[in-house]
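Subject: Structure handover and findings

Dear colleague,

I am passing on the structure below, together with an account of what was found in it. Please read the notes alongside the coordinates.

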Amino acid sequence: MLQECTTAIGGLGLDIVPIARIARLVDRCDRETLSLLFASSEIELCQSASDRLECYAVCFATKEAVGKALGTGLLGIDWNEIETNIIDDRITVHLYGKASDRAKRRGVREWLASWCCWDGHVFVHVFALSR
């Protein structure tokens, strides 16, 4: 007997970012300025990564993709309220503040995300799973 699936895709977000663009951003900014875009845990993760610029690009693209999946982009959300964690080539997404409130209003209860890198670009896609 098949069980009914109680999870639906509440949103889909995609983003592609050139790593060189993020490299220019990261190289121009001090840590305080970076903290306006990235959560402190993301900065620590990226700074300790074997390819820190690719890591920053994944975090940046994930934020953009999550905003798209929420249906409004990042309008009214602080960038550092969307936190990316990369473990063994897997992405987990955590939301805080206004980003979390917006996701709750849309019924989002979980995020599925993945990424790939090719030809100097990072591609991220996320699914917002709802009830």
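Two strands are taken to pair if DSSP finds at least two bridges between them. In this predicted model, strand 1 (residues 8–18) and strand 5 pair in the antiparallel sense over 10 bridges, and within that pairing the bridge partner of Ile9 in strand 5 is Leu129.

Strand 5 (residues 121–130) also pairs with strand 4 (residues 108–118), again in the antiparallel sense and over 10 bridges. Strand 4 and strand 5 form a hairpin with two residues between them, and Asp119 in the turn has a positive phi of about 45°. Beside this turn, Trp118 stands opposite His121 in strand 5, while Cys117 stands opposite Val122.

Trp118 has a relative accessibility of 42%, and therefore counts as partly exposed. The structure holds three aromatic pairs. In one of them, the ring centres of Trp118 and Phe123 lie 6.5 Å apart with the planes at 70°, so this pair is edge-to-face.

As for the cysteines, the structure holds zero disulfides. Cys117 is accordingly in no disulfide, and the nearest cysteine sulfur, which belongs to Cys116, is 7.7 Å away. Cys117 counts as partly exposed because its relative accessibility is 34%. For Cys29, the closest cysteine sulfur is that of Cys46, and at 13 Å the two are too far apart for a bond.

Turning to the interior, the largest nonpolar core has 39 residues, of which Trp111 and Val124 touch the most other members. Helix 4 (residues 52–69) gives the most to this core, with 10 residues. If residues up to four places away in sequence are not counted, Val124 touches Gly13, Leu14, Asp15, Val58, Ala61, Thr62, Ala65, Ile91, Ser114 and Trp115.

Two of the helices deserve a description of their own. In helix 1 (residues 19–28), the buried residues are Ile19, Ile22, Ala23, Leu25 and Val26. These residues cover an arc of only 165° around the axis, which puts them on the same side of helix 1. The face of helix 1 turned away from the buried side carries the exposed residues Arg24, Asp27 and Arg28. What covers the buried residues of helix 1 includes strand 1, helix 2 (31–37), helix 4, strand 4 and strand 5.

Helix 5 (residues 97–105) can be described along similar lines. Which of its residues are buried? They are Ala99, Ser100, Arg102 and Ala103, and, seen down the axis of helix 5, they fall within an arc of 160°, so they line one face of the helix. Lys104 and Arg105 are exposed residues carried on the face of helix 5 that is turned away from its buried side. Among the elements that cover the buried residues of helix 5 are strand 2 (82–87), strand 3 (90–95) and strand 4. After helix 5 comes Gly107, whose phi is positive, near 80°.

To draw the threads together, strand 5 pairs with strand 1 and with strand 4, and strand 4 is among the elements that cover the buried residues of helix 1 and of helix 5.

With kind regards

Definitions and conventions. Residues numbered from 1 in each chain as written. Predicted model: local features only at pLDDT ≥ 70, side-chain atom pairs only at ≥ 80, totals over all residues. Heavy atoms only, no water. Helix = DSSP H or I, 4+ residues; strand = E, 2+ residues; numbered from the N terminus. Disulfide = S-S within 2.5 Å. Buried < 20%, exposed > 50% of the residue type's maximum accessible area, 1.4 Å probe, protein only. Arc of directions from axis to C-beta. Contact = heavy atoms within 4.5 Å. Core = buried A, V, L, I, M, F, W, Y, C linked by side-chain atoms within 4.5 Å. Phe/Tyr/Trp six-rings, centres within 6.5 Å; stacked < 30°, edge-to-face > 60°.
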